[in-house]
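Dear colleague,

Please find below the structure that I am handing over to you, with its sequence. My notes on what was found in it follow directly after.

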Amino acid sequence: MLLFLFVLYIFIKHIFEMFVVIGLMLTGVLIGWVTRKHCLKFLQQIIPVFIWLLLFLLGVEVGDNDAILRGLHTIGIEALVLTLGGTLGSVLAASLLWNILTGWKKTTETVHESSVASGNILHALKGSLVIVAFFVIGVCCGLWGWLPGHWGSKISFYALCLLMFSVGISVGNDSQTLKSFRSLNPRLMFLPLMTILGTLAGTAVVSIFLSHRSLTDCLAVGSGFGYYSLSSIFITEYKGGELGTVALLANISREILTLLAAPLLVRWFGRLASISAGGATTMDTTLPVILQTAGQEFVVVSIFHGFVVDFSVPFLVTFFCSI
């Protein structure tokens with residue numbers, strides 16, 4: 001009973017924080033629209049700094065978490081296999097939807113005009129390497145006790161709020177982005193369903209190689225969609241600490257993989273790929289990277305996608321854990 005109340009508290013707190021973050025972003029959009037006659041390009045330099053800070057703080061939490069560290073040597077590979085299977089499945093499903101919407105044109109012809117489309121893979125990965133560096137530094141700080149993990153979790157929410165507020169201003173300040181919302185295809189609203197089905201299909205396929213895990217166990221882990229905190233709590237309660245740790249590792253890995261590989265996903269699988277890969281995180285932590293790679297006109301799609309997938313997590317996880 002106490003655990004149920006704790007999980008309920010975590011879920012309600014997450015919903016509250018989610019609406020706070022969305023509210024700050026919408027406020028930023030309004031401010032950006034009011035000041036649209038003034039060029040605010042400096043925000044494009046500030047936004048990556050907040051992303052680096054968030055990854056550093058996530059690293060601190062990981063480095064200070066004994067359950068994650070203990071699992072790295074024994075179940076880390078298992079979590080990675082589930083991460084890659086679920087993410088690849090969702091990306092392929094998103095690519096299918098993107099090709100249907102664009103009339104099966106060549107994917108690279110529709111890629112957002114950015115460094116990703118230039119063909120320079122090293123240039124596209126430059127930002128990802130910086131992100132890795134900040135994450136690794138954070139892990140070291142948490143591992144060596146320089147910064148406590150709970151400190152990182154508290155500060156990260158405020159950093160996320162500042163990040164989303166800045167993103168909102170950047171979007172609202174760009175008149176072309178606001179105009180492009182009108183031309184978005186309504187069928188993009190099917191993207192959350194494609195993400196869910198693709199993730200579950202990909203997870204089911206890789207479960208064949210994890211003979212000591214049941215299909216439902218693997219699907220429960222995949223149903224976290226990057227929402228590692230709540231999904232790991234549910235799975236720990238239903239299936240035990242070992243599978244809960246797998247879920248924690250797998251869903252943290254999915255978020256990090258999206259942040260690192262978003263430019264390449266967009267290049268290879270179309271502009272919906274980075275959104276689908278982000279799962280439940282596309283309305284907060286991975287949103288800035290998605291906007292930089294897919295285009296700012298996809299902000300509404302990304303937020304809607306994250307909202308729907310986020311709410312599906314507790315229902316799908318508990319369903320697969322109970323059968």
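**Salt bridges between parts of the chain**

R213 and E242 form a salt bridge, and their closest N and O atoms are 2.7 Å apart. R213 is in the loop between α8 (191–206) and α9, whereas E242 is in helix α11 (residues 241–269), so this pair ties together parts that are 29 residues apart in sequence. Please keep in mind that the model is predicted.

As background, side chains of opposite charge can pair when their charged atoms come close. R213 has a relative accessibility of 13% and therefore counts as buried, because buried means under 20% relative accessible area. R213 and E242 also belong to a network of salt bridges, in which they are linked with E78.

How many salt bridges does the structure hold? The number is four. Two further pairs deserve a description.

One of these pairs is D217 and K239, whose side chains meet in a salt bridge at 3.4 Å, N to O. D217 belongs to helix α9 and K239 to helix α10, so the pair ties together parts that are 22 residues apart in sequence. Are these two residues buried or partly exposed? With 12% relative accessibility, D217 counts as buried, whereas K239 is partly exposed, its relative accessible area being 34%.

The other pair is E297 and R271, where the N to O value of the salt bridge is 2.1 Å. This pair links distant parts of the chain, 26 residues apart: E297 is in the loop between α13 (287–294) and α14 (299–321), and R271 is in the loop between α11 and α12 (273–278). E297 is buried, with a relative accessible area of 18%. R271 is buried as well, with a relative accessible area of 12%.

**The chain as a whole**

What does the secondary structure of the protein chain consist of? It comes to 14 helices and zero strands. The protein chain has 323 residues, and 55% of them count as buried. Its accessible surface comes to about 15000 Å², and carbon and sulfur atoms hold 70% of that area.

The contacts show how the chain is arranged in relation to its sequence. Among the contacts in the protein chain with a separation of 6 or more, 84% are between residues 24 or more positions apart. I155 and L54 offer an example of positions that are separated along the chain: they are 101 residues apart, and their C-alpha atoms are separated by 8.8 Å. I155 is part of helix α6 (residues 149–173) and counts as partly exposed, at 32% relative accessibility.

**Helix α4 and two positive phi values**

Helix α4 (residues 76–101) permits a simple check of its length. It has 26 residues, which at 1.5 Å a residue should span 38 Å. The C-alpha atoms at its ends are 37 Å apart, so the model agrees with the expected span. After α4 comes G103, which has a positive phi, near 75°.

Where is the other residue with a positive phi that I wish to mention, F225? F225 is in the loop between α9 (215–222) and α10 (228–239). Its phi is near 50°, a positive value in a residue other than glycine. For comparison, most residues other than glycine have a negative phi. F225 counts as buried, with a relative accessibility of 0%.

**A nonpolar patch and the cysteines**

Which residues make the nonpolar surface patch of about 320 Å²? They are L30, W33 and V34. W33 is placed in helix α1 (residues 2–34) and is partly exposed, with a relative accessible area of 42%.

Finally, the count of disulfides comes to zero, where a disulfide is a pair of cysteine sulfur atoms within 2.5 Å. C161 counts as buried, at 9% relative accessibility, and C321 also counts as buried, at 6%.

When you examine the structure, I suggest beginning with R213, which pairs with E242 and is linked with E78 and E242 in the network.

With kind regards

Methods
Residues are numbered from 1 along each chain as its sequence is written. This is a predicted model: local features need pLDDT of at least 70, side-chain atom pairs count only at pLDDT 80 or more; totals for chains, interfaces and linings use all residues. Side-chain values use heavy atoms; hydrogens and water are left out. Patches are made of residues with over 30% relative accessible area and no salt bridge: like charges are joined within 9 Å, nonpolar side chains (Val, Leu, Ile, Met, Phe, Trp, Tyr) within 5 Å. Accessible areas come from the Shrake-Rupley method with a 1.4 Å probe; for residues, only the protein chains shown count as cover. Helices (H or I, at least four residues) and strands (E, at least two) are DSSP runs, numbered from the N terminus. Buried means under 20% relative accessible area, exposed over 50%, partly exposed in between (1.4 Å probe, protein chains only). The expected span of a helix is 1.5 Å times one less than its number of residues. Contact means heavy atoms within 4.5 Å.
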